[in-house]
Amino acid sequence: MYIDSTRHLQLDVDSRSNRYFRNAVERHWDPYEIDLEQDRENLIAEGGTEEEFDGMRAGIAKFGAGEQAVTEDLAPLAIVLDDIDDQMFLTTQLYEEAKHTEFFDRYWREVIHAVEDERGWERSSPTDERWFNEPYWELFERDEEAMARLLTDDTPENRARAYCHYHLTIEGILAQTGYYGMQSSYSGERFPEVPHLPGLVEGFSLIRSDEGRHVGFGMAKLKELIATGEVTPDLINDTVDELIPFVHGITMDERYDTDQGIQPEELEQYAAEKHIERMQQITDAATDIPDVDTLTRLEGD
Ligand SMILES: [Fe+2]
Ligand SMILES: [Fe+2]
């Protein structure tokens with residue numbers, strides 16, 4: 001047990017982690033409170049082929065499995081961080097990744113299956129290997145390894161690698177690109193030929209807001225490691241550069257391309273922009289990481 005006797009009170013309410021923790025508590029939401037009725041109705045009414053439905057199922061399966069993987073992979077970080085404000089923030093992140101997993105599971109259970117039953121299609125499973133491709137397995141395998149390594153070899157370099165895999169690449173580039181794609185496709189605004197799915201879009205926007213906090217935490221930690229001279233910007237650049245081809249391999253999964261909704265080229269472009277923006281926020285001392293209210297802002301706030 002460790003008590004920091006240099007502190008007057010237990011928590012440092014001015015610290016970034018404490019502010020993030022508070023923001024997470026204030027923005028709490030429940031995956032079972034999102035109304036999915038309209039999604040079911042629109043998907044059934046607007047028809048579409050099974051192949052078109054596959055494009056959507058493949059996207060949701062990848063998100064669901066990704067959230068499950070990051071829920072499982074985060075724990076080593078909670079063990080090695082010793083600051084109580086950091087640890088408290090980490091508890092919110094673990095809880096939120098679990099809620100994200102629950103949201104996608106619920107969507108499959110209550111929307112995808114309902115549509116399949118109504119259309120007379122065989123019920124599919126979000127864990128079916130057909131939704132995933134080689135780059136997907138490889139990226140998540142590497143993430144798990146980078147996080148688990150903290151338990152046996154907790155060095156500043158390995159912490160930086162862990163943040164680069166988990167927070168920067170998976171959450172900051174891959175997931176942000178995916179949310180953008182799904183929200184754009186199903187918002188009912190840009191692509192009138194695609195069913196409007198308000199429940200899915202609402203879930204995505206709440207998840208995206210949580211993820212803004214997670215990414216901000218990882219980026220701030222990386223920035224600190226650079227500022228103290230414990231790691232070089234090169235280490236961060238090299239680690240992310242090595243992972244970017246897997247992100248491309250996932251966003252460009254051609255097997256589920258349809259002419260509907262957002263196209264892979266636009267996603268690719270978005271991922272590239274996110275990559276550049278993230279690297280600049282971390283490695284450029286003069287560029288700040290946006291404050292937590294900006295990172296977690298919801299449309300309409
Ligand atoms: Fe998540
Ligand atoms: Fe996250």
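**Two iron ions in a predicted model**

Trainee: Which residue bridges the iron ion (ligand 2) and the iron ion (ligand 1)?

Mentor: This is a predicted model. The two iron ions lie 3.4 Å apart. The residue that bridges them is E97.

Trainee: Which residues coordinate the iron ion (ligand 1)?

Mentor: The contacts run at 1.9 to 2.7 Å. E67 is listed with OE twice. H100 binds through ND1. With the OE donors of the glutamates included, the residues are E67, E97, H100 and E211.

Trainee: What spacing do the donors of the iron ion (ligand 1) follow along the chain?

Mentor: Its donors include E97 and H100. Along the chain, the spacing is E-x29-E-x2-H-x110-E.

Trainee: How many residues apart in sequence are the parts that H100 and E211 tie together?

Mentor: H100 lies in helix α5, residues 84-119. E211 lies in helix α8, residues 198-227. The pair therefore ties together parts whose separation in sequence is 111 residues.

Trainee: Which atom of H214 coordinates the iron ion (ligand 2)?

Mentor: This ion is coordinated at 1.9 to 2.6 Å. E97, E171 and E211 give OE donors, with E211 listed twice. From H214, the donor is ND1.

Trainee: Which helix holds both E211 and H214?

Mentor: The two residues are 3 residues apart. That is about one turn of the helix. Both lie in helix α8.

Trainee: Is H214 buried or exposed?

Mentor: Buried means under 20% relative accessible area. E211 meets that cut-off at 2%. H214 has 0% relative accessibility, so H214 counts as buried.

Terms used. Residues are numbered from 1 along each chain as its sequence is written. Chains are lettered from A and ligands numbered from 1 in the order in which they are written. This is a predicted model: local features need pLDDT of at least 70, side-chain atom pairs count only at pLDDT 80 or more; totals for chains, interfaces and linings use all residues. Side-chain values use heavy atoms; hydrogens and water are left out. Donors are N, O and S atoms within 2.8 Å of the metal (3.2 Å for Na, K and Ca); water is not among the atoms, so sites may look incomplete. Helices (H or I, at least four residues) and strands (E, at least two) are DSSP runs, numbered from the N terminus. Buried means under 20% relative accessible area, exposed over 50%, partly exposed in between (1.4 Å probe, protein chains only).
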